[in-house]
Amino acid sequence: MYYRDADAALICFDVGNAKSFDSVTYWTGEMEKNCNNDRTNFVLALAGNKCDIDDGKKQISMTVASEMAKENNMIFRETSAKTGEGVNELFLALIQNIIKVKRAKAKKEGI
């Protein structure tokens, strides 16, 4: 109900927790199933959070997460809520894609 008319969604997972990454598939499906906007009018982003942890503690590689994002037509960035790394870049990419989708929709509708 909360995301039914959304133009975008941000799905986050913890790079140090494989179980949190497994939930990405569930949330992607929820967005697909419950959002009134079809995927051509809806932007999905994936944030691999806690990228500041030691590499030895990471359970999900950037490559694996990038591939999932690519397969699901999602923006992907590694981020850190602790340090702020990647956060601005993620939101900038999200906003740019929302604008691109809105412009394409307006052009298609002749607005």
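**Figure 1. Three helices and three strands make up the protein chain.** The model is predicted. Read along the sequence, the elements follow the pattern β-α-β-α-β-α. The C-alpha trace spans about 50 × 25 × 25 Å along its principal axes. Of the 111 residues, 38% count as buried. Among contacts with a separation of 6 or more, 75% join residues that are 24 or more positions apart.

**Figure 2. Strand E2 pairs with E1 and with E3.** E1 and E2 run parallel and are joined by seven bridges. Ala 8 stands opposite Val 43 of E2. E2 and E3 are also paired in the parallel sense, here over five bridges. Ala 47 has Arg 77 of E3 as its bridge partner. Between E2 and E3 the chain passes through H2, and this β-α-β crossover is right-handed.

**Figure 3. Strand E2 is covered on both faces.** In a regular strand, side chains alternate between the two faces of the sheet. One side of E2 carries Val 43, Ala 45, Ala 47 and Asn 49. The other side carries Leu 44, Leu 46 and Gly 48. These residues are all buried. Seven of the seven residues of E2 are buried, so the strand is largely enclosed by the rest of the structure.

**Figure 4. Phe 13 and Leu 46 touch the most other members of the largest nonpolar core.** This core has 19 residues. E1, H1, E2, H2 and E3 each give two or more residues to this core. Another core, of eight residues, lies apart from it. Val 43, Ala 45, Ala 47 and Ala 93 are among the residues of that other core.

**Figure 5. Contacts of Phe 13.** Residues up to four places away in sequence are not counted here. Phe 13 touches Ser 20, Phe 21 and Val 24. Its contacts also include Leu 46, Ala 47, Gly 48 and Asn 49. Ile 60, Ala 65 and Phe 76 are touched as well.

**Figure 6. Thr 28 sits in helix H1.** H1 covers residues 18–34. Thr 28 is buried, with a relative accessible area of 6%. That value falls under the 20% limit for a buried residue. Leaving aside neighbours within four places in sequence, Thr 28 is in contact with Ile 11, Leu 44, Asn 72 and Met 74.

**Figure 7. Helix H2 has a buried side and an exposed face.** H2 runs over residues 62–71. Its buried residues are Ala 65, Met 68 and Ala 69. They cover an arc of only 100 degrees around the axis, which puts them on the same side of H2. These buried residues pack against E1, H1, E2 and E3. The face turned away from the buried side carries Thr 63, Lys 70 and Glu 71, which are exposed. Asn 73 follows H2 and has a positive phi, near 55 degrees.

**Figure 8. The end-to-end span of helix H3 agrees with its length in residues.** H3 holds 22 residues, from 87 to 108. At 1.5 Å a residue, the helix should span 32 Å. Its end C-alpha atoms are 32 Å apart, which agrees. Just after H3, Gly 110 takes a positive phi of about 75 degrees.

**Figure 9. The buried residues of H3 pack against three strands, E1, E2 and E3.** Leu 90, Ala 93, Leu 94 and Val 101 are buried in H3. They cover an arc of only 100 degrees around the axis, which puts them on the same side of H3. The strands they pack against are E1 (8–14), E2 (43–49) and E3 (74–78). Asn 88, Arg 103 and Lys 107 are exposed on the face of H3 turned away from the buried side.

**Figure 10. Phe 91 is a partly exposed residue in helix H3.** Its relative accessible area is 41%. This value lies between the 20% limit for buried and the 50% limit for exposed. Phe 91 and Arg 77 are 14 residues apart along the chain. Their C-alpha atoms are separated by 9.6 Å.

Definitions and conventions
Residues are numbered from 1 along each chain as its sequence is written. This is a predicted model: local features need pLDDT of at least 70, side-chain atom pairs count only at pLDDT 80 or more; totals for chains, interfaces and linings use all residues. Side-chain values use heavy atoms; hydrogens and water are left out. Helices (H or I, at least four residues) and strands (E, at least two) are DSSP runs, numbered from the N terminus. The expected span of a helix is 1.5 Å times one less than its number of residues. Buried means under 20% relative accessible area, exposed over 50%, partly exposed in between (1.4 Å probe, protein chains only). The arc is that of the directions from the helix axis to the C-beta atoms. Contact means heavy atoms within 4.5 Å. A nonpolar core is a set of buried Ala, Val, Leu, Ile, Met, Phe, Trp, Tyr and Cys residues joined through side-chain atoms within 4.5 Å. Two strands pair if DSSP finds at least two bridges between them. A crossover is right-handed if, with the strands pointing away from the viewer, the path from the first strand over the helix to the second runs clockwise.
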